[in-house]
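Biologist: Could you take a close look at the salt bridges for me? I'd like one connected walk through them.

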Amino acid sequence: MDAIPLVLDGYLTAAPVPGDRDGIVCWRLSCSAGTDHLVEEAIIPCTTMEPEIVHALLTERQPGDLLRVTGHLTLPEAASGVIQLHVESLEVLWEAPLLDADEDEDGRDGDTATVTDAAADRNSALAALAEALTSLGHQAAPGPEQSVRIHLSPAGTLGTDLEHCHSIDLTPARAHQLADAIDALNCRLDDRPDGGVVLDPQTLADLTDLFDDIDLIDLTRTVLTATRPENRPAVTRAMDDMFGDVPAPEDTDP
């Protein structure tokens, strides 16, 4: 059966191993394709005889790396055979961070429940973000085809967390909309009181002078004069809550 040309993006599931002959290396890629309702997972066995790829896989790559491989997929003649992708070129799309030995040891010595809760929160956040982005990518919209790819994955070594990795494709128009939404979110967060905004001394002095010049009795008189008689008790209570116990105008008139 003729080999099928194929390009795949996937995560390295485990460390590559030498093949049964010299100059050959074998490994597996975890590939996924997101839809509106599910994520289809596939593990693809790969092999290569290209010397540069063999050297890179055995000396540089580690589980969790996101790779793009190009080659030819061979289908077995019998149902009991093995599908295999013979790789001719390899591109590293994302490198999994190296796991520091001290950090790993600290994690084992720490509170297991805390680590488990943190991982659950992380995985829940990844799933929610992936679902939102997948929905955005599948909304019908005019424009060019999907050509922007976003990869989501846990930080750290990914050898045991590949089920929480996601790849989402967007059109350039959707990617621009997403960037605009994030910019707007950042602006709203910066405007929050706890955003760390510090006013300069002159502005603080001007605001202090402004509020010092407010005559609360005169302000109360003006507000109550403009208020219907049946609403004045409620307005008076509201102003007391806002400014403190302000004397009523009739209590201060000579």
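Modeller: Sure, definition up front: a salt bridge here is a side-chain nitrogen of Lys or Arg within 4 Å of a carboxyl oxygen of Asp or Glu. Bear in mind that this is a predicted model, where local features need pLDDT of at least 70, side-chain atom pairs count only at pLDDT 80 or more, and totals for chains, interfaces and linings use all residues. Residues are numbered from 1 along each chain as its sequence is written, and side-chain values use heavy atoms, with hydrogens and water left out.

Searching the whole structure turns up seven salt bridges. One of them joins R61 and E95, with N to O at 3.4 Å. That pair links distant parts of the chain, 34 residues apart: R61 sits in the loop between α1 (51-59) and β5 (66-74), and E95 in the loop between β6 (84-94) and α2 (101-109). Helices (H or I, at least four residues) and strands (E, at least two) are DSSP runs, numbered from the N terminus. R61 is buried at 12% relative accessible area, while E95 is exposed at 51%; buried means under 20%, exposed over 50%, partly exposed in between (1.4 Å probe, protein chains only). R61 also meets D65 in a salt bridge, 2.7 Å from N to O, and D65 is buried too.

Now for the strands. D169 pairs with R149, their closest N and O atoms 2.7 Å apart. Because D169 lies in β8 (residues 166-170) and R149 in β7 (residues 148-152), the pair ties together parts 20 residues apart in sequence. D169 is partly exposed at 27%, as is R149 at 38%. Through shared partners, salt bridges join D9, R68, R149 and D169 into one network.
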